[in-house]
Amino acid sequence: MQQSLRSLLALVLCASLTACGGGGSDGGSSSGSSGSSSGSSSSSSSSSSSGSSSGSSSSSSSSSSSGSSSGSSSSSSSGSSSSSGSGSSGASPDGGFAGYQYNLTGGAGGLVYTVNNGADLQEKLDEAKDTSQPVTIYIDGTITDFNTGTGTDIQIKDMDNVSLIGVGENGEFDGIGLSIRRANNIIVQNLLFHEAWPGQERDNISIEGDDDGSTTSHIWIDHCELYNSLDVGKDYYDGLIDSKSGARYITLSYNYLHDAWKTTLHGHTENDSNPDTDRLVTFHHNRFENLESRVPLYRHGKGHVYNNYYNNIRSTAINSRAGAEMLIENNVFENTQNPVVSFYSDVIGYWNLSGNLFGTGVTWSSGSGTDITAQDGESTSTYSVPYEYTLDSTDGLKDYVIANAGRGKLDQSGLEIPEPVTPEDELPVEEEPTIEDVALPYAENFATDTATFFSNSYRDLSGASGEGTPIYHRVTGTAEIQSGALSLTGSRVSIGNTTPTVSTTSGDGNTGVFDLSMPWQITFKVVGVSGDTSKYFQLYVDNNTASSGNSIWGSASKFHQVLLSDLVEGQTYTAPGLTASANSFVTLRTESSATVAVDDILIEYTP
Ligand SMILES: [Ca+2]
Ligand SMILES: [Ca+2]
């Protein structure tokens, strides 16, 4: 009975909000269900021993109910923690600060459009702004820099009352970000965001206040998926979702954040306290996986982190800093280093811990200076949140969050989604930028110095001196020009890779400037061999990593290797290449502590 009632509730809610109540547990709105499970009766927040925890919101997907069903047990387990909450009419749909004492409706009741490209999206936002009308925009396609044409993020700026809702699993921001600034009552739901502005250290979603008296508040990011990559440098991208400069009353719920160095930062500097420090952000039922740090990094203000699932967090997870106070309850941590710490701030942050499950693979490091950790499980704050919410037990939470967080989990059958503003077949098609090939034969005699060699002033991807990406890239190890030859020690140097800082995988190829789709060979003269001669000198095609499998050609990408002990100084060698693609690149590699110096490289088609 519970299931269908819950989803019925969810459907009703969806229709009224033109957005699906994303939040976790049951519909706080109606008081239907039995008290035992975190009945939807919007009584006190989860902790209330009455067990009837108010629903933070009726999520459309029935699964949420299971959350709430577990809610009941949660109330018993964490009875003590969360405050009873003063929300008069029960919990807000978002289950956090975004809807606290605020009618969080986004664009409900206003204009409604569907778009499948960035130009239409920005135009409809600007139209609503200019006419001061709420707007709900369904996104049924991929937003890119190309089809936006503004050269910058999609902007929700100086406007209020907006909902951006992905349609099914079609809504995506690919390589472009969303910037929310001086904006209030904003709902972003059921969208995929990834790899915004590669190499430019920018955020996928940036929420930024201002000190001009404006507010940036009541923002709900729900049921979205966000990722960058750990196979690039740590500053290649910036945050998945960052907020700063006074932005507050924010809820991040049921999102799936993964594969990133910098996850979610709130407060961009130690003194990000202007116009005030009252940062108020809730994180619940999110799935955090394969992340380096900042989950979240939280400076100043008050925060609430509940019912999230953490797995494979490499450095630090929750980092409470600069006087922040965070209520951290009923989260599940696995394979996580430093689940809860206060690192890297002169002024430490605090935490009120309860009901968290520090599971398999949880480790702690000691930090330095003023750094402290929560390894002792002791709370250092008594902070609790003012709003009502449903706290689920950690029993079954991992599976529940994995099943419900991210894009494509909401039941949208109750939504009236109009036809796209621009019909699919009228959309401009982005031509894959053709990579100009560098003609063969290609010769290199290293008549330069190390710094110049690896710069575009020597050769960029055109094969000649230029402004573009250098044709030579030291991926790792020691690579130097010594007396007109290239000396490699435990090093990999790629030649002609257009994305040299991105580690190749078995999924991608065609990032090189050489047409190696016909039989070819590479000749090189060995002018020096030293170090561990039991190691190999190797040649790869379309692979810039240390393992041969990371290539579109799989292990065949390592098309040549020879033991250093078999190389004779002064000897010239020719190795047949692996016939690859019209856009391939080559990598030279010496294994660790092995040194080979080569000169007079020639890449040519097999005569
Ligand atoms: Ca940022
Ligand atoms: Ca030379």
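How many bridges join E15 to strand E18 (residues 287-293)? Five, and the two strands run parallel.

## Ground rules

This is a predicted model, where local features need pLDDT of at least 70, side-chain atom pairs count only at pLDDT 80 or more, and totals for chains, interfaces and linings use all residues. Residues are numbered from 1 along each chain as its sequence is written, chains are lettered from A and ligands numbered from 1 in the order in which they are written, and side-chain values use heavy atoms, with hydrogens and water left out.

## Strand E15 and its partners

Back to E15, which covers residues 256-262. Helices (H or I, at least four residues) and strands (E, at least two) are DSSP runs, numbered from the N terminus. Five of the seven residues in E15 are buried, so the strand is largely enclosed by the rest of the structure. Here buried means under 20% relative accessible area, exposed over 50%, and partly exposed in between (1.4 Å probe, protein chains only).

Two strands pair if DSSP finds at least two bridges between them. E15 pairs with E18, where Phe 288 is the bridge partner of Leu 257. Strand E12 (residues 225-227) is joined to E15 by three bridges, again running parallel, and Tyr 227 has His 258 as its bridge partner in E15. There's a side-chain link too: Arg 287 lies over the face of Tyr 256, at 4.1 Å from the ring centre. A charge sits over a ring if NZ of Lys or CZ of Arg is within 6 Å of the ring centre and within 35 degrees of the ring normal. Lys 124 does the same over Tyr 113, at 4.5 Å from the ring centre.

## Two calcium ions

Donors are N, O and S atoms within 2.8 Å of the metal (3.2 Å for Na, K and Ca); water is not among the atoms, so sites may look incomplete. For the calcium ion (ligand 1), the protein donors are Asp 203 (OD), listed twice, plus Asp 238 (OD) and Asp 242 (OD), at 2.2 to 2.6 Å. Their sequence spacing reads D-x34-D-x3-D. Both Asp 238 and Asp 242 are buried.

The calcium ion (ligand 2) is coordinated by Asn 445 (O), Gly 484 (O) and Asp 599 (OD), the last one listed twice, at 2.2 to 2.5 Å. The spacing for this site is N-x38-G-x114-D. Gly 484 and Asp 599 bring distant parts of the chain together: Gly 484 is in the loop between strand E30 (472-482) and E31, Asp 599 is in strand E37 (residues 594-605), and they are 115 residues apart. Asp 599 counts as buried because its relative accessibility is 13%.

## Aromatic contacts

Rings of Phe, Tyr and Trp (its six-membered ring) pair if their centres lie within 6.5 Å; planes under 30 degrees apart count as stacked, over 60 as edge-to-face and the rest as tilted. The whole structure has 23 aromatic pairs. Take Tyr 442 and Phe 514: the centres are 5.2 Å apart and the planes sit at 65°, so this pair is edge-to-face. Tyr 442 is in strand E29 (residues 442-444) and Phe 514 in the loop between strand E31 (485-495) and strand E32 (520-531), 72 residues apart. Tyr 442 is buried at 4% relative accessibility, and Phe 514 is buried at 0%.

Phe 524 and Tyr 573 make a stacked pair, because their planes are at 25°, with centres 5.8 Å apart. Phe 524 is in strand E32 and Tyr 573 in strand E35 (residues 572-576), 49 residues apart. Elsewhere, Phe 97, Tyr 100, Tyr 249, Tyr 306, Tyr 387 and Tyr 389 form one aromatic cluster.

## Backbone oddities

Most residues other than glycine have a negative phi, and most peptide bonds are trans. His 285, not a glycine, has a positive phi of about 55°. His 285 lies in the loop between strand E17 (280-284) and E18, and is buried at 0% relative accessibility. Asn 307 also has a positive phi, near 55°, and has a relative accessible area of 0%, so it is buried. Asn 307 is in the loop between strand E20 (302-306) and strand E21 (309-313).

As for peptide bonds, the one from Val 295 to Pro 296 is cis, with omega near -10°. Pro 296 falls in the loop between E18 and strand E19 (297-299). Leu 440 and Pro 441 are also joined by a cis peptide bond, with omega about 0°.
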